[in-house]
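Here are my comments on the model, set out as numbered points. They take the contact between the two protein chains before the contact with DNA.

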There are 2 protein chains.
Amino acid sequence: MTEDYSQYPKHLVAVDCIIFGFDGENLKILLVKRNFEPQMGEWSLMGGFIDSHETSDEAANRVLYTLTGLENIYLEQLKCYTEIKREPTARIMSISYYALINIEKNIQINEQYSAEWVELKKAPDLIFDHNDMVKDAVARLRRRASTGPIGFELLPEKFTMKDLQNLYEAIFDEKFDKRNFTSKINSMDILVNTNEKDMTSSRKGSFLYRFDEKKYNKKTSQGFMFKI
Amino acid sequence: MTEDYSQYPKHLVAVDCIIFGFDGENLKILLVKRNFEPQMGEWSLMGGFIDSHETSDEAANRVLYTLTGLENIYLEQLKCYTEIKREPTARIMSISYYALINIEKNIQINEQYSAEWVELKKAPDLIFDHNDMVKDAVARLRRRASTGPIGFELLPEKFTMKDLQNLYEAIFDEKFDKRNFTSKINSMDILVNTNEKDMTSSRKGSFLYRFDEKKYNKKTSQGFMFKI
DNA sequence: GCAAAAGTGTTAGCCATACACCCATGG
DNA sequence: CCATGGGTGTATGGCTAACACTTTTGC
């Protein structure tokens, strides 16, 4: 006896992306203004339907590429939302993904979508269950950021210690002590000082660091655990 | 302009359940022997297709009820698996759920499914990507167990300190020091000593405890954090 | 020379860990 | 009375958190 799949219902399945960026001061998310019904003109996450020939990961990457032109972005599946009435016009499941992008990269945001970076804290109400998706994504981001070096995805290649601290303060919405933060980071020994200075923020200038991924991987394979 | 959904492909979407139980010594999972093709006769997780009128949570609860007759079980969504060829005969997405059940409850396992409790460590190879699902579920269980009181879902209402320690040792696959474990649990002050003794395990007998959920909730709302 | 941000160490309290003996009881 | 598992306290080292002054340099 072979299973006859035709008796089972099929479903529309979409992906929605929570795209995080950091401008040096605030965490932001990239939102689009819907240019189609339902809820045309309202703010939402960027999403798209999953095609028959692609996985949800591929669909999320495609959606991200379509909007930003970026590839090889940090992207992680979060959760599948399946409430029957989560969209008013049809039963659509959606798998949420969150992405981390360096906001300074030359992003050519596709004009077609009226996308905007908005501060996470000041984000407008979103359609459907997209507010829940964002909330879940922030929780996941915090957890990942505290246990792994994903914060660097949000920074340019070279960054100051202050940038890094600002980033973590934005992610956790919490202030840290400068000396404790610096020595914790330094004690992990996963950054390299480029010996270049960023002279834009002060007269004295502040050193620029790079995340040393090779070193991090090596240390990790020897039992090291990132922890903030 | 309203979106025309008919142009988008629809998908079969299933749920698969990783059902954990604890027998006092070992963590177990409930597996079924497939009685239909493909891969008839091989071990797999218990699963089922999502119907048009139900959410994935409801489908998972239904699958669990069908197999065990149990309702109101701890159940949490894990991840959506969408590889095109994850099943050989059709493109089927699957949302995994993990469940925690008290193995001592009068479970009437539905004979129809040839289900068996097997020790997690000795689990056979499973079909499709079910091995990955189990691995992901164990990781999630460990995380949840270390930060919340979900372990009690796996124990009978009354349990000894030894039971509790055995449980956490099984979950984390790691031995703990008896005195440190006891004092950590006691310092959280979320158990009540029933002043009954379990006389089956020793001459002296060991006290039976209950998890005090009310107290836990109250403490939690005041900032308490469970931590093991 | 002064304003503004960068950089840098020490201390005290807390928590995690390591560790061993007496107790109660049934047989 | 003895064998078996149950129950209990202390000391140490490491980590976290609190805290303030000096340096550099452009203006």
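**Notes on the protein interface and the DNA surface**

1. In the contact between the two protein chains, 38 residues of chain B meet 38 residues of chain A. These counts, like everything below, come from a predicted model, and they should be read with that in mind.

2. On symmetry, chain B can be superposed on chain A by a rotation of 180 degrees with 0.0 Å of shift along the axis, the RMSD being 0.0 Å. The two copies are therefore related as by a two-fold rotation axis. Both copies use the same surface, since 100% of the contact residues of chain B recur in chain A.

3. As for extent, about 3,200 Å² is buried between chain B and chain A, and 61% of that area is on carbon and sulfur atoms. Of the area that chain B buries against chain A, 18% is supplied by B:Tyr5, B:Lys10 and B:His11, which is more than any other three residues supply.

4. The polar side of this interface deserves a separate remark: the rule finds 0 salt bridges across the interface of chain B and chain A, while 15 residue pairs are in polar contact between them, counting pairs with both residues at pLDDT 80 or more. The elements of chain B that give two or more residues to the side touching chain A are strands S1 (10-22), S5 (74-81) and S6 (92-101), together with helices H1 (56-68) and H2 (130-147). S1(B) gives the most, with 4 residues. By residue class, that side of chain B divides into 16 nonpolar, 10 polar and 12 charged residues.

5. Turning to the DNA, 16 residues lie around DNA strand C, and those that come nearest are A:Lys178, A:Arg179, A:Phe207, B:Asn180 and B:Arg203. Among the atoms of DNA strand C that come within 4 Å of the protein, sugar and phosphate account for 38%.

6. Which side chains place a polar atom close to a base nitrogen of DNA strand C? B:Asn180 does so at 2.9 Å, A:Lys204 has a side-chain N or O atom at 3.2 Å from a base nitrogen, and B:Arg203 has a polar side-chain atom at 3.3 Å from one. The elements giving two or more residues to the surface near this strand are helix H4 (178-188) and strand S10 (206-211) of chain A, along with helix H4 (178-188) of chain B.

7. Within the surface near DNA strand C, H4(A) gives the most, with 3 residues. The residues of this surface divide into 9 charged, 6 polar and 1 nonpolar.

Note on methods
Residues numbered from 1 in each chain as written. Chains lettered and ligands numbered in written order. Predicted model: local features only at pLDDT ≥ 70, side-chain atom pairs only at ≥ 80, totals over all residues. Heavy atoms only, no water. Near = heavy atom within 4 Å. Polar contact = N/O pair within 3.5 Å; in protein donor to acceptor, adjacent residues only side chain to side chain. Nonpolar A, V, L, I, M, F, W, Y, C, P; charged D, E, K, R; others polar. Least-squares fit on C-alpha atoms with pLDDT ≥ 70 in both. Contact = heavy atoms within 4.5 Å. Buried area = accessible area lost by both parts, 1.4 Å probe. Salt bridge = Lys/Arg side-chain N within 4 Å of Asp/Glu carboxyl O.
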